[in-house]
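Me: Could you take a close look at one part of this model for me, the surroundings of the ligand? I'd like the cut-offs spelled out as you go.

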Amino acid sequence: MKSFLNVSDLGDLNKALEEALEIKKDRYKYAELGRHKTALLVFFNNSLRTRLSTQKAAQNLGMNVIVLDVNAGAWKLETERGVVMDGDKSEHLLEAIPVMASYCDVIGIRSFAGLKDRDYDYAETVYEQFVKYSGKPVFAMETATVHPLQAFADLITIEEHKSCRRPKVVLTWAPHPKSLPQAVPNSFAQWMNAADVDFVITHPKGYELDPKFAGEARVEYDQMKAFEGADFIYAKNWSCPGVTCPEKYGLILEDYHDMLDWTVSQRQMAVTHGGKFMHCLPVRRNMIVTDDVIEGADSLVIPEAANREISATVVLKRILESL
Ligand code: AN0
Ligand code: CP
């Protein structure tokens with residue numbers, strides 16, 4: 001595997017899930033695979049889970065790990081070509097990428113959407129430059145439009161906790177005071193469409209996800225209706241994807257104070273089928289979800305985060321096997 005952005009990069013999803021469960025039983029099974037191989041993890045944005053779980057995954061495989069926080073000690077990087085560099089950015093990505101690549105065998109990238117220019121974000125401009133100019137396998141640790149390590153961990157979590165063969169899984173938009181990317185819901189939708197689940201998306205009008213990710217998934221604008229009989233509730237905020245209103249790309253469409261009835265609470269959970277609550281974290285309590293729901297017995301947020309180590313171990317293993 002030379003690049004990891006989409007669910008299709010893993011090939012047979014059932015096989016990948018089997019591999020995940022095998023690694024979960026013995027996470028050091030492939031501890032020799034990464035001997036004398038180095039993973040470089042490049043962060044253009046903050047992270048807690050991705051930073052820790054991906055390092056741990058690389059260590060499970062016997063790899064060396066280097067973490068670079070671009071905004072904490074490195075030269076500020078210009079990412080666009082053709083710019084006269086007379087501002088605060090001292091180095092261009094086009095030199096920095098081959099230099100970074102010379103010290104490692106695999107590169108992970110965290111680079112969020114700028115949420116200003118839809119075409120720039122949806123072309124995965126920063127990630128694709130790493131693919132093109134590093135000559136090394138590259139994997140997404142949340143890029144402009146996708147977060148596949150998260151979606152893979154989410155799918156593993158659903159597999160572990162489902163109580164029927166084909167569970168109903170609902171992705172629900174929830175309010176947030178700041179504009180957030182669409183990467184998490186995009187990947188979650190893409191992965192749920194590929195998995196054997198009954199998948200429904202619910203959000204206020206205007207937040208329609210890009211069809212490239214939403215596919216044929218059912219959209220139900222009435223959140224209570226969507227929640228009826230659900231086995232899993234996956235909450236997340238995202239800003240306007242600009243599908244039905246391109247001029248509003250990256251914006252919050254209504255004041256969040258007016259949207260607080262979308263906050264996941266016992267009121268909605270009561271109509272589910274003993275629904276389990278999921279969120280990728282970090283989460284703003286009493287904005288996305290109430291204290292009692294996230295703290296309740298049906299909350300999966302901690303096992304879900306723990307499975308990030310497993311998804312990352314499978315992905316790095318696949319990459320190492322292709323070196
Ligand atoms: C990020 C997002 O919504 O994409 C990262 C989530 C894993 N969240 C925030 O910036 C709060
Ligand atoms: N879920 C997730 O990716 O969390 P971090 O942003 O803390 O890495």
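Reply: Happy to; here is a walk around ligand 1. This is a predicted model, in which local features need pLDDT of at least 70 and side-chain atom pairs count only at pLDDT 80 or more, while totals for chains, interfaces and linings use all residues. Residues are numbered from 1 along each chain as its sequence is written, chains are lettered from A and ligands numbered from 1 in the order in which they are written, and side-chain values use heavy atoms, with hydrogens and water left out.

Around ligand 1 you will find F112, E142, H147, L180, P181, K236, C280 and L281, where being near the ligand takes a heavy atom within 4 Å of it. By residue type, this shell holds 5 nonpolar, 1 polar and 2 charged residues; Ala, Val, Leu, Ile, Met, Phe, Trp, Tyr, Cys and Pro count as nonpolar, Asp, Glu, Lys and Arg as charged, and the others, Gly among them, as polar.

Two side chains make polar contacts, that is, pairs of N or O atoms within 3.5 Å. In E142, a side-chain N or O atom is 2.6 Å from an oxygen atom of ligand 1. For K236, a polar side-chain atom lies 2.7 Å from a ligand oxygen. Of the 330 Å² that ligand 1 exposes when taken alone, the protein buries 81%, with areas from the Shrake-Rupley method and a 1.4 Å probe.

Technical notes: A polar contact is a pair of N or O atoms within 3.5 Å; within protein, one must be able to donate a hydrogen and the other to accept it, and residues adjacent in sequence count only if both atoms are side-chain atoms.
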